[in-house]
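Here are my comments on the model you sent, written as numbered points so that you can check each of them against the coordinates.

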Amino acid sequence: MPAVDLATLADAGAFVSREHQAHLADALGIRRWRVDTAASRFVFAGADGVERSVRAHLIGTSSPEHGTWLWGWENPTGFPAPFVRRSERVRALGERYTIPEFTTASLPLEDGLAERLVDAVKAVTGVTAHHATAIGNGDTRAWLLLDDASLALPAPTVARAVGVVTSALAGGGASDHHRALTAWAEQRGVGITAVGEGVEELTLADGSLQVRFDASGHIAGLGRRLRTASRPPVPTPAAATPTAAPTAVQEAAPEAAAAPTVPAPADVPVDAPAPRRGLLQRLLGR
C-alpha cells in the first residue's frame, strides 16, 4: 500500500482550500456569526445583513496559549455527537491508513500546523470550506468545516486558476506545488497534461493555462491560452481572394511568475460546480 503522510494530504487540500476561502471572503463577506452546536449550524450575516445558516463540523481547536492542537473527536467539552462526527471519521481514516497525526488527540501546535491539518482534512473529506472561530479568551480557535450547496465554488476558469496559483504562492501552504496543483485539478474536474519538460497545461472551459515548474517542484512561471469567439467573415468582392478565418486561439509563451497577487475573478458565465471528491483513495492508488 503506498504511504500517505500528512504532507501529502495537506498538499492535496492546499490549493482548493485557498480558492474556497477567497471565494467565501468575496461572495459572503462574513461580518458577524455564531455557532449553534446543538444543531451543528454556523449562522452568519454578510455585508447585506441577511442571516444565513450552514452545516458545521468541528474538526479541532488550536490554542497558542497552551501550544496545542486538540482534535474534535477527543471532545472534552461534551459537544453533541453530530457536531464532531466528521472529526471521528477523520480519526477512523487515520487508524485505517496509519496517519498518526489523525489519531493523536493532542499535538504540539507548531507554526502552520492547524492550517496543514485542516487542508489535509479537506482533501480526505471533500468538504473544502472552513471558518476558524475565536472561542473563549486569548487566541484559541475552533476550526469548523462548512458544508452547504450554497457555498459551492463556481466552475473553474483561466482567471480563477491564475488566482489559485498566485494566492497559493503568496500564502505558502503547499510543500510540493506540482502535487498540490495536480490534486486541485482533480478536485475541480480540470484536465491537466504534461506538454513539455517541467510544464503542465490545465484545460479549462474558457482556455488553457500552462504552468512551469522548477527542479524542486515549485511553480516558476505561467502562460495563458485564451479561447476567443469566432467572428463572421467580412463580405468581399467576388474577385477578391478570400481571407483566412480568424485565429481561434491566442497564445502567450510561459513567462516568469510575477509578484504574487490575487486577481479578481472573471465576470463570465459559469456552469454547475464540479462534484466534490476526497482524494485519499487516489493517493493510495485505489
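The points below take up confidence, then the nonpolar cores, and then the buried charged residues.

1. This is a predicted model, and its confidence should be kept in view while reading the rest. The chain has an average pLDDT of 81, and 76% of the residues score at least 70. Over residues 228-278, however, the pLDDT is below 50, although this stretch has 66 contacts in the model beyond near neighbours in sequence.

2. The largest nonpolar core holds 24 residues, and those touching the most other members are Leu9, Trp69, Trp71, Phe102 and Leu117. Two or more residues each are given to this core by helix H1 (6-27), strand E4 (68-71), helix H2 (81-97), helix H4 (113-125) and strand E7 (141-147), with the largest share, seven residues, coming from H4.

3. Around Phe102, leaving aside residues up to four places away in sequence, the contacts include Leu6, Leu9, Trp71 and Trp73, together with Val90, Arg91 and Gly94, and also Ala120 and Val124. Separate from the core described above is a second one of 23 residues, among them Val16, Ala185, Leu202 and Phe213.

4. Asp119 is placed in helix H4, and with a relative accessible area of 4% it counts as buried, because the cut-off for that class is under 20%. Apart from residues up to four places away in sequence, Asp119 touches Leu9, Ala10, Gly13, Ala14, Ser17 and Arg18.

5. Of these contacts, Arg18 also forms a salt bridge with Asp119, in which the closest N and O atoms are 3.1 Å apart. The pair links distant parts of the chain, since Arg18 belongs to helix H1 and Asp119 to helix H4, 101 residues apart. In the whole structure, a search finds eight salt bridges.

6. Which residues are linked with Glu19 in a network of salt bridges? They are Arg160 and Arg188. The side chains of Glu19 and Arg160 meet at 3.2 Å, N to O, and because Arg160 lies in helix H5 (residues 158-171) and Glu19 in helix H1, this pair ties together parts that are 141 residues apart in sequence.

7. In the salt bridge between Glu19 and Arg188, the closest N and O atoms are 3.0 Å apart, and this pair links helix H1 with helix H6 (residues 177-188) across 169 residues. As for burial, Glu19 has a relative accessibility of 4% and Arg160 one of 13%, so that Arg160 counts as buried, while Glu19 and Arg188 are buried as well.

Definitions and conventions
Residues are numbered from 1 along each chain as its sequence is written. This is a predicted model: local features need pLDDT of at least 70, side-chain atom pairs count only at pLDDT 80 or more; totals for chains, interfaces and linings use all residues. Side-chain values use heavy atoms; hydrogens and water are left out. pLDDT is the predictor's confidence in each residue, from 0 to 100. Contact means heavy atoms within 4.5 Å. A nonpolar core is a set of buried Ala, Val, Leu, Ile, Met, Phe, Trp, Tyr and Cys residues joined through side-chain atoms within 4.5 Å. Buried means under 20% relative accessible area, exposed over 50%, partly exposed in between (1.4 Å probe, protein chains only). Helices (H or I, at least four residues) and strands (E, at least two) are DSSP runs, numbered from the N terminus. A salt bridge is a side-chain nitrogen of Lys or Arg within 4 Å of a carboxyl oxygen of Asp or Glu.
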